[in-house]
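Have a look at the sequence and the model below. A short tour of its surface, its charged pairs and its sheets follows.

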Amino acid sequence: MAKDPMLKFISKAQAYPEKRAPELRAEDFDEIAKRYAPEAAADQASRCSQCGVPYCSVHCPLHNHIPDWLRLTAEGRLREAYELSNLTSTMPEICGRICPQDRLCEGNCVIEFSGHDAVTIGSVEKYITDTAWEQGWVEPVEVGPARGQSVGIIGGGPGGLTTAEYLRVAGYDVHVYDRYDRMGGLLTYGIPGFKLEKDVVMRRIKRLEDSGIIFHCNFEVGRDASLDDLRAKHDAVLIATGVYKARDIKTPGIGLAGIVPALDYLTASNRKGFGDTVEAFESGALNAKDKDVVVIGGGDTAMDCVRTAIRQGAKSVKCLYRRDRENMPGSQREVANAEEEGVEFVWLSGPKGFDGTDKVERVHVSKMRLGAPDASGRRAPEHDPAGDFTLNADLVITALGFEAEDLPVLFGAPDLNVTRWGTIRVDHMTQMTNLDGVFAIGDIVRGASLVVWAIRDGRDVTQHIHNWLQAKAKAAKVAA
């Protein structure tokens with residue numbers, strides 16, 4: 001009987017793909033680590049303990065079959081491993097790169113709790129699907145028999161693209177509308193190349209385009225067509241726009257030039273990576289070169305900003321966060337990567353004002369301390385008057401999260417119901433809004449969240465849209 005290749009977590013140590021040296025990776029926007037060699041991937045997959053209750057899958061928003069494709073990888077059955085990982089995710093190689101595994105699957109790995117370090121799930125997932133693309137195992141979208149019904153999807157990010165793929169497989173005509181000149185949403189313009197190289201995103205989009213999905217770029221609902229126009233054109237409409245409005249910070253001096261929202265800054269940088277002409281970058285307004293940069297925030301977007309500033313040649317980069325390291329929302333791996341690359345974290349600190357002559361020159365910083373826990377259980381930051389100080393800053397980037405835009409006004413749809421937070425109100429059993437045949441998913445429903453949640457939402461809403469369209473077609477047949 002063949003020896004079981006699994007449960008090697010005692011004899012084999014955890015080993016992630018080797019990262020390039022910090023001084024080298026700070027010179028470009030390439031991913032900081034390449035993928036495993038085949039033997040290394042099999043070795044790391046073999047560390048899986050094959051739990052009866054796999055917490056990695058339980059804590060994955062997509063509930064990926066992680067122990068199963070780890071076993072297949074350890075056994076050298078890579079094509080089967082890819083096919084299994086692709087059953088639950090439309091973008092496994094993207095999730096392998098950008099999911100916060102330390103907070104999800106790997107953070108809940110059973111062998112991590114036993115003191116043997118988690119299985120390197122994300123890196124193995126990336127390896128499996130990158131190999132599948134190279135070997136030609138990623139097949140074209142298999143389009144189902146035409147149903148004679150169409151769906152319009154507003155938003156070409158991960159949620160919208162996932163829904164588009166599943167609906168196309170079901171045989172529907174699918175049109176995707178997006179305000180940007182390229183599809184992909186935050187995958188394309190929000191996440192830097194050192195975490196997600198753009199050819200990885202573009203090949204996914206090309207596969208969808210080849211399936212017959214029609215992409216409408218540079219299309220703004222409310223400018224090029226109203227929501228009612230799209231409802232008249234399509235049998236169903238899905239709103240999957242995400243949330244892009246930067247959260248305000250009410251601090252003296254906030255209106256000074258040189259204080260910019262994180263997404264504006266990241267979008268400009270990613271456009272330069274595509275070779276676009278970006279006037280705000282060329283003028284220096286959204287370029288950190290030779291500047292003292294201060295980033296405000298402690299989430300993954302803030303980490304993207306500080307590491308981008310390093311690559312743009314900033315003189316110094318500091319990140320202010322009002323809590324301590326243990327209580328920050330961003331990935332601890334990203335913090336470690338940023339520190340290696342030269343970012344200075346100023347914990348327990350927040351801005352109390354900005355000043356400068358014609359543009360920002362200084363950030364006045366309030367020292368913070370952690371008080372009693374708030375309603376969420378986290379210790380709430382409070383001002384510590386004994387420790388205020390000032391930092392020089394030529395560029396301040398605010399990364400404090402995102403809020404919903406006023407979609408009823410933006411879309412010319414005053415009857416569209418929203419919550420008091422501006423997110424779209426839906427029936428959570430069907431994901432339909434108060435407008436017949438108009439569905440909504442993702443950030444625009446619950447507020448900003450992870451890309452993997454958007455993919456899950458796209459997968460789940462597909463069935464709701466399909467059921468509704470089937471009922472609509474049946475009713476029309478009966479009426480005829």
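Which residues make the nonpolar surface patch of about 450 Å²? They are Val53, Tyr55, Val58, Val110 and Phe113. A patch here takes residues with over 30% relative accessible area and no salt bridge, joining like charges within 9 Å and nonpolar side chains (Val, Leu, Ile, Met, Phe, Trp, Tyr) within 5 Å. The areas come from the Shrake-Rupley method with a 1.4 Å probe, and for residues only the protein chains shown count as cover.

Before going on, some housekeeping: this is a predicted model, where local features need pLDDT of at least 70 and side-chain atom pairs count only at pLDDT 80 or more, while totals for chains, interfaces and linings use all residues. Residues are numbered from 1 along each chain as its sequence is written, and side-chain values use heavy atoms, with hydrogens and water left out.

**The patch**

Back to those nonpolar side chains. Helix 3 (55–58) and helix 7 (110–113) each bring at least two residues to the patch; helices (H or I, at least four residues) and strands (E, at least two) are DSSP runs numbered from the N terminus. Val110 sits in helix 7 and is partly exposed, at a relative accessible area of 30%. For the burial words, buried means under 20% relative accessible area, exposed means over 50%, and partly exposed is in between (1.4 Å probe, protein chains only).

**Charged pairs**

How many salt bridges does the model have? The count comes to 51, taking a salt bridge as a side-chain nitrogen of Lys or Arg within 4 Å of a carboxyl oxygen of Asp or Glu. Here are three of them.

| Acidic partner | Basic partner | Closest N to O distance |
|---|---|---|
| Glu340 | Arg25 | 2.4 Å |
| Glu31 | Lys126 | 3.0 Å |
| Glu334 | Arg307 | 2.8 Å |

Start with Glu340 and Arg25, which form a salt bridge. Glu340 is in helix 16 (residues 332–341) and Arg25 in helix 1 (residues 22–25), so this pair ties together parts 315 residues apart in sequence. Glu340 is partly exposed at 38% relative accessibility, whereas Arg25 is buried at 1%.

Next come Glu31 and Lys126, also joined by a salt bridge. Glu31 lies in the loop between helix 1 and helix 2 (38–45) and Lys126 in helix 8 (residues 121–135), so the pair ties together parts that are 95 residues apart in sequence. Glu31 is buried at 5% relative accessibility, and Lys126 is buried at 11%.

Then there is the salt bridge between Glu334 and Arg307. It links helix 16, home of Glu334, to helix 15 (residues 300–311), home of Arg307, with the two positions 27 residues apart in the numbering. Glu334 and Arg307 are both buried. Through shared partners, salt bridges join Lys19, Arg25, Lys195, Asp304, Arg307, Arg311, Glu334, Glu340 and Glu341 into one network.

**A buried arginine**

Is Arg47 buried or exposed? Arg47 is buried, with 0% relative accessibility, and its place is the loop between helix 2 and helix 3. Its C-alpha atom is 4.4 Å from that of Lys8, although the two residues are 39 apart along the chain. Leaving aside neighbours within four places in sequence, the contacts of Arg47 (heavy atoms within 4.5 Å) include Lys8, Phe9, Gln14, Ile111, His116 and Asp117.

**Sheets**

Five strands make an open sheet with parallel pairing, in the order 3-2-1-4-16; strands pair if DSSP finds at least two bridges between them. Strand 3 (214–216) and strand 16 (438–440) are the edges, each pairing on one side only. Neighbouring strands of this sheet are turned by 20 degrees against each other on average, direction ignored.

Strand 1 (residues 150–154) and strand 4 (residues 236–239) run parallel over four bridges, and Ile153 has Leu238 of strand 4 as its bridge partner. Helix 19 (residues 451–479) lies across strand 1, strand 4 and strand 16, at about 160 degrees to strand 4. Axes are lines fitted to C-alpha atoms, for helices over the stretch in contact, with angles from 0 to 180 degrees between N-to-C directions.

Elsewhere, strand 14 (residues 395–398) is covered on both faces: Leu395 and Ile397 on one side, and Val396 and Thr398 on the other, are all buried. In a regular strand the side chains alternate between the two faces of the sheet. Strand 14 pairs in the parallel sense with strand 6 (residues 259–261) over three bridges, and with strand 7 (residues 292–296) over four bridges. Ile259 stands opposite Val396, while Val293 has Leu395 as its bridge partner.
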